[in-house]
Amino acid sequence: MQHFPDAQAVVRALRPEEPVILNRPHAAARAARFFVEKFPGKSLYAVKANPSPELLQILWDNGVTHFDVASIAEVRLVRATLPGATLCFMHPVKSPGAIREAYHSHGVKTFSLDSVEEMEKIVEACRDQDGNAATDLRLCIRLRVSSEHAALSLAAKFGCDLTEAPALLQQTRQHCDWLGVCFHVGSQAMSPFAYVQAIDRVRAAIAEASVVIDMIDVGGGFPSVYPGMEPPPLEDYFKIIHQHFYALPIAYNAELWCEPGRALCAEYSSLVVKVEKRRGEELYINDGAYGALFDAAHVDWKFPVRALEDDLIKPVMDFAFYGPTCDDADYMPGPFALPEDIQAGDYIEIGMLGAYGAAMKTDFNGFGAAERIIVQDEPMASLYDGSRTRPEADNVVSLR
Ligand SMILES: *Cc1c(COP(=O)(O)O)cnc(C)c1O
């Protein structure tokens with residue numbers, strides 16, 4: 001991979017015709033160290049947020065040893081990249097073949113589930129050649145919790161509710177020596193209180209079930225910084241989670257886990273795009289809804305932008321973007337604030353795309369290509385750059 005100081009240097013040197021993904025290894029390393037050092041338990045990286053092998057290696061090199069995988073392809077990828085990693089298969093609906101391969105070929109012992117059917121599927125798939133049940137399974141019941149504090153809901157699809165959880169916990173306990181409870185409060189949870197509500201629900205489920213619980217996994221949802229979304233410091237989340245975890249009726253040596261995706265990799269990448277055409281307040285750029293900007297189009301996510309030409313001198317105004325495909329849905333309303341005199345041929349950097357950005361790119365309509373380049377400058381915003389001197393008292397983050 002080529003190295004440049006920053007996006008402007010890339011544009012000056014290359015005038016790229018296709019979008020370029022800029023990776024910042026130092027930013028991902030810093031986020032990993034933050035979670036490893038400050039989260040009061042184990043931090044699993046949720047691979048779906050960005051499965052790039054370079055990123056997996058950076059996280060591993062900075063102390064992340066456990067990985068939340070959700071498909072057999074993710075299992076194979078992480079195993080091939082990091083032979084020593086611990087993989088946890090945290091998708092509550094898996095195919096028997098995926099479970100079998102994960103357990104028998106890749107050493108996966110930890111599986112999540114939210115139904116009796118899934119539990120039976122796991123037990124069957126992990127039997128040995130003589131038909132004996134596995135004795136080393138680590139099973140984790142996914143509880144449905146509210147997504148009301150999150151920018152993206154994950155409340156509808158997975159998780160058993162409070163009426164089903166106690167019986168499922170009791171039944172699952174008979175098939176494993178290590179039983180956990182997990183949940184996901186939704187992505188980009190803007191308040192630590194999301195985790196308090198969820199842990200209260202865990203308390204109700206385990207009190208009713210009266211079974212020994214060995215692990216609580218508070219899932220992902222830890223936020224990053226975007227325009228209009230500046231969350232409280234992550235230290236506040238960690239503190240409140242720790243307090244409420246401690247008060248649960250669980251084994252004295254129970255473990256606390258979390259599964260950050262976004263928070264570990266949002267700052268890792270940005271994207272350089274070229275303006276192909278301008279029509280009034282609309283810029284036609286060369287990446288979009290079917291590329292790294294899926295969330296900007298489909299869930300109206302706001303990403304920070306900056307123009308990369310020195311000769312743009314006018315004040316900023318609001319623009320919307322069209323992506324390159326022939327589909328009307330390839331539209332990003334923004335608004336994106338850029339200099340009034342921006343025009344076709346100019347370049348823009350779009351920040352905070354390390355999570356659910358590069359990972360979402362498709363080849364639809366022939367527009368999937370993107371070179372990857374390493375840059376050394378700071379991400380457009382950061383939760384980890386030390387700009388907040390009093391994280392407990394001060395919710396302000398830098399947004400350049
Ligand atoms: C997507 C996902 C995550 C990561 O979520 P973020 O909001 O990116 O932190 C963690 N756990 C599970 C089970 C997921 O599906």
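This text walks through the ligand site, the pocket around it and two unusual backbone spots.

The model is predicted. Start at the ligand. It sits in the largest pocket. A shell of 13 residues surrounds the ligand. The closest of them are Lys48, Ser187, Glu259, Arg262 and Tyr356. Sorted by class, the shell holds three nonpolar, five polar and five charged residues.

Now look at individual atoms. Three pairs are worth finding on screen, and each involves an oxygen atom of the ligand. In Ser187, a side-chain N or O atom lies 2.5 Å from such an oxygen. In Lys48, a polar side-chain atom is 2.8 Å from a ligand oxygen. Gly221 takes part through its backbone: one of its backbone N or O atoms is 2.9 Å from an oxygen atom of the ligand. How much of the ligand does the protein bury? The ligand exposes 390 Å² when taken alone, and the protein buries 90% of that.

Step back to the pocket itself. The volume of the largest pocket is about 670 Å³. Its lining is made up of 33 residues. Lys48, Leu154, Phe158, His184 and Tyr356 lie nearest the centre of the pocket. Lys48 and Tyr356 also belong to the closest residues around the ligand. Which elements give two or more residues to the lining? They are strand 4 (66-69), helix 10 (262-265) and helix 11 (294-298). The lining has 18 nonpolar, seven polar and eight charged residues. For the ligand shell, the corresponding counts are three, five and five.

Two backbone features remain. Some background helps first. Most peptide bonds are trans, and most residues other than glycine have a negative phi. Each of the next two spots departs from one of these patterns.

Go to strand 17, which covers residues 331-339. Pro335 is found in this strand. The peptide bond that joins Gly334 and Pro335 is cis, with omega about 0 degrees.

Then find the loop between helix 8 (193-209) and strand 11 (215-217). Ser210 lies in this loop. What is the sign of phi at Ser210? Phi is positive, at about 45 degrees, although Ser210 is not a glycine.

To recap, the ligand sits in the largest pocket, with 90% of its 390 Å² buried by the protein. Away from that topic, the backbone shows a cis bond between Gly334 and Pro335 and a positive phi at Ser210.

Methods. Residues numbered from 1 in each chain as written. Predicted model: local features only at pLDDT ≥ 70, side-chain atom pairs only at ≥ 80, totals over all residues. Heavy atoms only, no water. Near = heavy atom within 4 Å. Polar contact = N/O pair within 3.5 Å; in protein donor to acceptor, adjacent residues only side chain to side chain. Areas by Shrake-Rupley, 256 points an atom, 1.4 Å probe, with all protein chains shown as cover. 1 Å grid on protein atoms, 1.4 Å probe; cavity = no way out; pocket = protein on both sides within 12 Å on 5 of 7 lines; lining within 4 Å. Sits in = over half its atoms within 2 Å of the grid points. Nonpolar A, V, L, I, M, F, W, Y, C, P; charged D, E, K, R; others polar. Points joined across faces, edges and corners; volume = space filled by probe spheres on them. Helix = DSSP H or I, 4+ residues; strand = E, 2+ residues; numbered from the N terminus.
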